[in-house]
Amino acid sequence: MTKYLLLIILILATSLTVSIKSCQDIRMDRNRLSDNQRTLLADIGFYRTKDSLSVASVERLTLTNREFRKYAGELEKTVEKLNLKVKHLQSSSQSAIETEYLVKTEIRDSIIILPGRIDTLNCINYRDSYLTFSGSITGKQFSGLIQSRDTIIQLIHRVPRRFWFIRWGTKAIRQEVISRNPYSRITYTEYIELKK
């Protein structure tokens, strides 16, 4: 009789443990989906630093592998082109940048010696820390090279919960993307973390 009683107690304890674990998993998934909903409804924060560098701020999305495949199809294609597997990804982010330059430079003449004649060619050369611009103008056509240099910095940080002046726990994970080129403007950013 005691053997049966011990067996029943063991079965009840096991089912209670499984039920508690299942409830914890459901609660964690509910919290994840709630955070994702808040993130998707929030706007991307755009601002400039004191030295006029462009910054974009966005909260993290936490997706399962299946949700990642459904939501971020273009990113999945990029991952596959790199011969990586989505199930091995930890996180992914992407940003879009637009660069506008106002260039003022002088046009100078270069002499070209062709068989039987000498001709002039208008040339343009410009260089600064972020842009190299050189080329020539023949008639109404410009041919040349434009090179733009930029450095993108991505910072992932924790945003604590706050009650008056007390901070505790984690409210959200945010990504700050900074463009080092003062002529650039970040137009879009996204940060996805995959749930294991």
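Which residues is Ile156 in contact with, leaving aside its neighbours within four places in sequence? In this predicted model, the answer is Ile173, Arg174, Gln175 and Tyr191. Ile156 belongs to strand β9, an edge strand of an open sheet of four strands. The points below describe that sheet, a second sheet of three strands, a hairpin formed by β7 and β8, and the two largest pockets.

**The four-stranded sheet**

- The strands of this open sheet follow the order β1-β2-β10-β9, and their pairing is antiparallel.
- Its edges are formed by β1 (45–48) and β9, each of which pairs on one side only.
- From one strand to the next, the twist averages 30°.
- Strands β1 and β2 run antiparallel and are joined by four bridges.
- Within this pairing, Gly45 has Ser57 in β2 as its bridge partner.

**Ile156 in strand β9**

- Ile156 counts as partly exposed because its relative accessibility is 44%, a value between the limits of 20% and 50%.
- Ile156 and Ile118 are 38 residues apart along the chain, and their C-alpha atoms are separated by 60 Å.

**The loop after β9**

- Trp164 is located in the loop that lies between β9 (152–163) and β10 (166–179).
- Although Trp164 is not a glycine, it has a positive phi of about 55°.
- Trp164 counts as exposed, because its relative accessibility is 70% and the class begins over 50%.

**The three-stranded sheet**

- A further open sheet consists of three strands in the order β3-β11-β4, with mixed pairing.
- Here β3 (61–63) and β4 (91–99) are the edge strands, each pairing on one side only.
- Neighbouring strands of this sheet are turned against each other by 20° on average, direction ignored.
- The pairing of β3 and β11 is parallel and extends over three bridges.
- Thr62 stands opposite Glu193, a residue of β11.
- In general, the strands of a sheet pair through backbone hydrogen bonds, in either a parallel or an antiparallel manner.

**Thr189 in strand β11**

- Strand β11 also contains Thr189.
- Thr189 has a relative accessibility of 2% and therefore counts as buried, the limit for that class being under 20%.
- When residues up to four places away in sequence are not counted, Thr189 touches Ile44, Ala56, Val58, Gln94, Ser95, Gln175 and Val177.
- Gln175 thus appears among the contacts of Thr189 and also among those of Ile156.

**The hairpin of β7 and β8**

- Strand β7 (residues 131–138) pairs with strand β8 (residues 141–148) in the antiparallel sense, over eight bridges.
- One of the residues paired here is Phe133, whose bridge partner in β8 is Ile146.
- The hairpin has two residues between its strands, and Gly139 takes a positive phi near 65° in it.

**The largest pocket**

- The volume of the largest pocket is about 350 Å³.
- This pocket is lined by 19 residues, of which Asn31, Arg32, Asp35, Arg60 and Thr62 are the closest to its centre.
- Thr62, named above as standing opposite Glu193, is thus one of the residues closest to the centre of this pocket.
- At least two lining residues are supplied by each of α1 (2–41), β10 and β11 (184–194).
- The largest share of the lining comes from α1, with seven residues.
- By class, the lining comprises 10 charged, five polar and four nonpolar residues.

**The second largest pocket**

- The second largest pocket has a volume of about 170 Å³.
- Its lining is made up of 14 residues, and the closest to the centre are Thr39, Leu40, Ile44, Val58 and Thr189.
- Ile44 and Val58 also belong to the residues that Thr189 touches.
- Each of α1, β2 (54–59) and β11 supplies at least two residues of this lining.
- Strand β11 gives the most to the lining, with four residues.
- The lining of the second largest pocket divides by class into eight nonpolar, four charged and two polar residues.
- Both α1 and β11 therefore recur as contributors: each supplies at least two residues to the lining of the largest pocket and at least two to that of the second largest pocket.

Terms used
Residues are numbered from 1 along each chain as its sequence is written. This is a predicted model: local features need pLDDT of at least 70, side-chain atom pairs count only at pLDDT 80 or more; totals for chains, interfaces and linings use all residues. Side-chain values use heavy atoms; hydrogens and water are left out. Buried means under 20% relative accessible area, exposed over 50%, partly exposed in between (1.4 Å probe, protein chains only). On a 1 Å grid over the protein atoms alone, a cavity is a set of points where a 1.4 Å probe fits but cannot get out, and a pocket is an open set with protein on both sides within 12 Å along at least five of seven lines; lining residues have an atom within 4 Å of a point. Grid points are joined across faces, edges and corners, and a volume is the space filled by probe spheres set on the points. Ala, Val, Leu, Ile, Met, Phe, Trp, Tyr, Cys and Pro count as nonpolar, Asp, Glu, Lys and Arg as charged, and the others, Gly among them, as polar. Two strands pair if DSSP finds at least two bridges between them. Axes are lines fitted to C-alpha atoms, for helices over the stretch in contact, and angles run from 0 to 180 degrees between N-to-C directions. Contact means heavy atoms within 4.5 Å.
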